[in-house]
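This report follows side-chain contacts, solvent exposure and long-range proximity through one protein model. Please read it alongside the sequence and coordinates shown here.

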Amino acid sequence: MIIGNYNIRAFVITVPEAPDRTDFILRHYAAVGFETEIFNGISSKVSGLNTSHLYEVDAPGSGYKIGPKEVAGFVSFTWHGAQ
């Protein structure tokens, strides 16, 4: 899709175990005129990805750890961005 002087490629990162969510978002994007490219992402439910590092930038001393959904999402986007 062209926005201003830029040719934008819209990506949809999906996981195989959520075909209903994939169908929903693809129908939505088609209805509003977005052409999308689909990539399979890494599932937070089955990958086992997690972090042992604390993220305390927003709340020092909280002991907060970034969860598996965020880790899998980051790795999915990073992986596809590198290809």
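Helix α1 covers residues 19-31, and because its 13 residues should span 18 Å at 1.5 Å a residue, the 18 Å between its end C-alpha atoms agrees with that expectation. The model in which this helix appears is a predicted one. Just after α1, Gly33 takes a positive phi of about 90°.

**Aromatic pairs**

Two aromatic pairs are present in the structure. In one of them, the ring centres of Phe11 and Phe39 are 5.1 Å apart and the planes stand at 45°, so the pair is classed as tilted. Phe11 belongs to strand β3 (residues 10-14) and Phe39 to strand β4 (residues 36-40), so this pair ties together parts that are 28 residues apart in sequence. In the pair formed by Tyr29 and Phe34, the ring centres are 5.6 Å apart, and the planes meet at 15°, so the pair counts as stacked. The cut-off behind that reading is that planes under 30 degrees apart count as stacked, whereas those over 60 count as edge-to-face and the rest as tilted.

How exposed are the rings' residues, taking Phe11 as the starting case? The relative accessible areas of the four residues are set out below.

| Residue | Relative accessible area | Class |
|---|---|---|
| Phe11 | 40% | partly exposed |
| Phe39 | 23% | partly exposed |
| Tyr29 | 26% | partly exposed |
| Phe34 | 35% | partly exposed |

**The salt bridge and the nonpolar patch**

The structure holds one salt bridge. It joins Arg9 to Glu37, and the closest N and O atoms of the two residues are 2.8 Å apart. Since Arg9 lies in the loop between β2 and β3 while Glu37 lies in strand β4, the bridge ties together parts that are 28 residues apart in sequence. Glu37 counts as partly exposed, at 30% relative accessibility. As general background, side chains of opposite charge can pair when their charged atoms come close.

On the surface, Ile3, Tyr6 and Ile8 make a nonpolar patch of about 320 Å². Tyr6, one of the residues of this patch, is placed in strand β2 (residues 6-7) and is exposed, with a relative accessible area of 59%.

**Polar contacts of Thr14 and Ser76**

Thr14 is found in strand β3 and is buried, its relative accessible area being 8%. The side chain of Thr14 is joined to that of Asn40 by a polar contact of 3.3 Å.

Which backbone atoms lie within reach of the side chain of Ser76? Ser76 has its place in helix α3 (residues 68-82) and is buried, with a relative accessible area of 3%. Its side chain reaches the backbone nitrogen of Ile42 at 2.7 Å, and a polar atom of the side chain of Ser76 also lies 2.8 Å from the backbone oxygen of Ala72.

**Residues distant in sequence**

Val75 likewise lies in helix α3, but at 29% relative accessibility Val75 counts as partly exposed. The C-alpha atoms of Val75 and Gly41 are 8.4 Å apart in space, although the two residues are 34 residues apart in sequence.

What separates Pro16 and Ser43, in sequence and in space? The two are 27 residues apart along the sequence, and their C-alpha atoms are 8.1 Å apart. Pro16 is placed in the loop between β3 and α1, and at 59% relative accessibility Pro16 counts as exposed.

**Strand β4 and helix α3 in summary**

Taken by element, strand β4 contributes Phe39 to the tilted pair with Phe11, and it also holds Glu37, the salt-bridge partner of Arg9. Helix α3 holds Ser76, whose side chain reaches the backbone nitrogen of Ile42, and it holds Val75, whose C-alpha atom is 8.4 Å from that of Gly41.

Methods. Residues numbered from 1 in each chain as written. Predicted model: local features only at pLDDT ≥ 70, side-chain atom pairs only at ≥ 80, totals over all residues. Heavy atoms only, no water. Phe/Tyr/Trp six-rings, centres within 6.5 Å; stacked < 30°, edge-to-face > 60°. Helix = DSSP H or I, 4+ residues; strand = E, 2+ residues; numbered from the N terminus. Buried < 20%, exposed > 50% of the residue type's maximum accessible area, 1.4 Å probe, protein only. Expected span 1.5 Å × (residues − 1). Patch = residues over 30% accessible without salt bridge, like charges linked within 9 Å, V, L, I, M, F, W, Y side chains within 5 Å. Areas by Shrake-Rupley, 256 points an atom, 1.4 Å probe, with all protein chains shown as cover. Salt bridge = Lys/Arg side-chain N within 4 Å of Asp/Glu carboxyl O. Polar contact = N/O pair within 3.5 Å; in protein donor to acceptor, adjacent residues only side chain to side chain.
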